[in-house]
There are 2 protein chains.
Amino acid sequence: MILRMILLLVTVFTTSFALAEVKGEEVSYKSGETTMKGYLVTDDAFTGKRPGVLVVHEWWGHNAYARKRADMLAKLGYTALAVDMYGDGKTADHPKDAGAFSAAVKNNLPEARARFEAALELLKKQPTVDQKKIAAIGYCFGGGIVLEMAREGVELNAVASFHGSLGTTHRAMPGVIKVQRVLIANGAADKFIKPEDVAGLTGELAASGVAFEFLNLPGALHSFTNPDADMLGKKFGMPIAYNAAADRKSWEAMKAMFAETFK
Amino acid sequence: MILRMILLLVTVFTTSFALAEVKGEEVSYKSGETTMKGYLVTDDAFTGKRPGVLVVHEWWGHNAYARKRADMLAKLGYTALAVDMYGDGKTADHPKDAGAFSAAVKNNLPEARARFEAALELLKKQPTVDQKKIAAIGYCFGGGIVLEMAREGVELNAVASFHGSLGTTHRAMPGVIKVQRVLIANGAADKFIKPEDVAGLTGELAASGVAFEFLNLPGALHSFTNPDADMLGKKFGMPIAYNAAADRKSWEAMKAMFAETFK
C-alpha cells in the first residue's frame with residue numbers, strides 16, 4: 001500500500017514536471033514592409049497573465065544566444081520575445097557584416113523605433129502577457145537599442161542593458177524618459193566604452209529622476225555575458241571575453257530589478 | 001538525564017553568546033595639534049585579524065548614528081572606527097552650524113586628508129585589523145569625504161558613499177584613484193544632488209577603470225539611511241527622509257562589495 005502510494009506520488013510528480021515546459025516558437029511579424037523573425041517563449045509552469053520582456057540581440061543579429069536568454073526569462077515566469085532588429089532574421093558571421101547591420105539600424109532611429117515597437121505590440125497581444133508590465137533587455141547593440149528606446153520616451157516599466165553601447169547622438173532632456181527603472185551592466189575593462197558616454201548616460205538618467213543601477217563590473221571586458229565571446233574574441237582578434245562573475249552578478253541584478261518593478 | 005543534557009547545552013549556548021559581544025570604546029587620536037574623538041569597535045565573536053572599516057559621519061558630526069553603523073559593521077566581522085573629522089568630537093544641532101563645520105573641512109582638502117589619514121593609521125594599528133584590508137564608508141558629508149579621499153589617491157580597498165556629496169573642485173585624472181571598488185548609494189529623489197555631479201563622478205571612475213556601482217535608489221530623498229531624518233526634516237523644513245527599502249538595499253550592496261573585495 002505504502003509502495004503503491006509512493007509510486008502514485010512519483011507518477012503525479014513526474015507528470016506535472018513533464019507538463020511544465022518552456023514553450024518556444026518562431027514568430028513572424030511586420031514592421032512596415034519588412035518581415036521580422038522573432039522567437040516567443042513562455043513556461044507552462046506559470047499560469048495566467050505575467051510580465052512580458054523583449055530581448056534585443058547583439059550585433060550578430062537574432063541568434064541562439066538571444067533565444068537562450070528568452071528561455072531563461074520564461075523559466076523565471078515571464079513571457080519573452082527575442083526580437084529581430086535586422087529583418088528576415090538576418091545574422092552576421094563576421095564583425096564587418098555585424099558592424100554594417102547594426103550601424104544601419106542605429107543610424108536610422110525612426111526605423112529602429114518602428115521595429116522595436118512592432119515587437120512590443122506583438123508581445124502585448126499575447127494572452128499570457130499583462131500589457132501593463134513590460135520590460136526590455138538587450139546585449140551589446142541591443143543594450144544600446146533599449147537605452148535609445150528609453151531616451152525616445154517609449155513606455156516600458158524597466159530596461160536592462162548588458163555590455164550595451166552607451167553613446168547616443170541625442171541625450172534625453174529631463175522628463176522625456178518614461179521608463180521607471182534602468183539597469184546598466186557594464187564591464188569596467190570594456191575597451192569599447194568611452195568614459196564620457198558613461199557620464200552622459202548617468203547624467204541624463206539622474207536629470208530625469210530615473211531610478212537606475214550602473215554596475216561597472218570588475219575585470220569584465222565587452223560581451224562578458226556570452227560564453228561564445230572567448231572563441232569569437234580569438235577568431236577575430238577582438239578584446240571580448242566571457243566573465244562568469246559579471247554574468248551572474250548582472251543577471252541577479254536584473255532579476256532583483258524585475259521583482260521590485262513587477263511586485 | 002536528558003533534561004540534564006538539555007540544561008547543559010542551554011548553559012553552554014547562552015554562555016558563548018554572553019562572551020561574544022560588540023566591544024566599543026571611545027578613542028582619542030591626534031591630527032596635527034587637534035585632538036580627535038573617535039569610536040573603535042570589534043565583536044568578540046570573531047577572532048584574529050579582520051578587515052578594518054572607517055565610518056565618516058554626516059555633517060552633524062561624530063554622533064550616535066555614526067557609532068550605530070560602526071557597531072553594525074563590527075557585528076558583520078569588521079573592526080570599525082567611527083572617525084571624527086571636526087575635532088574634539090564637535091557636533092552640530094542646527095543645519096547652520098553643520099553647514100559651517102562641514103564647509104570648513106571640505107574647503108581645506110589637505111586638512112581633511114590629514115584628519116582622515118590620522119584615523120586610518122589608528123585603525124591599521126589595531127591588533128584585530130589586517131592592515132591590507134581597509135575600507136571606508138561615509139554618510140552625507142562623510143560620503144563626500146570618502147569619495148574625495150579616493151580622488152586623492154589614498155590607498156583603500158573599497159569605499160562606499162551613502163547619500164554623499166558627489167561634487168568636487170577637482171575630478172580625478174585617470175590612474176590617480178587607487179581604490180579598487182566604489183559603491184555610491186544615491187537617492188533618485190535627492191534634492192541636493194546635481195545631475196552633472198552624477199555624470200562627473202561616474203565619468204572619472206570609468207576613466208580610471210574603477211569597478212563601481214552607482215545605485216540611484218527609487219523614491220529616496222537625501223539622508224535615506226538615517227531614521228532620524230524624518231524628525232530632522234520636519235524640524236528644519238529640509239527635504240530629507242528615511243527610506244527603509246533604500247537603506248536595506250544600499251547596506252546589502254555594501255555587504256556584497258566587502259565580501260567580494262575581502263574574500
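These are my notebook entries on the cavities in this structure, which is a predicted model.

**Entry 1: the search**
I began by asking how many cavities of 30 Å³ or more a search of the whole structure finds. The search gave me 2.

**Entry 2: the largest cavity**
I looked up the volume of the largest cavity and found about 60 Å³ of space in it. Next I wanted to know which residues line it. From chain A, I noted A:Leu215, A:Asn216, A:Leu217, A:Pro218 and A:Lys249. From chain B, I wrote down B:Arg181, B:Val182, B:Ala211, B:Phe212, B:Glu213 and B:Met257. So much for the names; I then turned to the elements behind this lining. Strand β8 (211-217) of chain A supplies at least two of the lining residues, as do β7 (181-187) and β8 (211-217) of chain B. Sorting the lining by class, I got 7 nonpolar, 1 polar and 3 charged residues.

**Entry 3: the second largest cavity**
My next stop was the second largest cavity, with a volume of about 40 Å³. I listed its lining as B:Leu147, B:Ala150, B:Arg151, B:Ile177, B:Val182, B:Leu201 and B:Leu205. Two or more of these residues come from each of α5 (141-151) and α6 (195-207) of chain B. Which element gives the most to this lining? I found that α5(B) does, with 3 residues. By class, I noted 6 nonpolar residues, no polar ones and 1 charged residue.

**Entry 4: a residue to look at twice**
I met B:Val182 in the lining of the largest cavity, and I met B:Val182 again in the lining of the second largest.

Note on methods
Residues numbered from 1 in each chain as written. Chains lettered and ligands numbered in written order. Predicted model: local features only at pLDDT ≥ 70, side-chain atom pairs only at ≥ 80, totals over all residues. Heavy atoms only, no water. 1 Å grid on protein atoms, 1.4 Å probe; cavity = no way out; pocket = protein on both sides within 12 Å on 5 of 7 lines; lining within 4 Å. Points joined across faces, edges and corners; volume = space filled by probe spheres on them. Helix = DSSP H or I, 4+ residues; strand = E, 2+ residues; numbered from the N terminus. Nonpolar A, V, L, I, M, F, W, Y, C, P; charged D, E, K, R; others polar.
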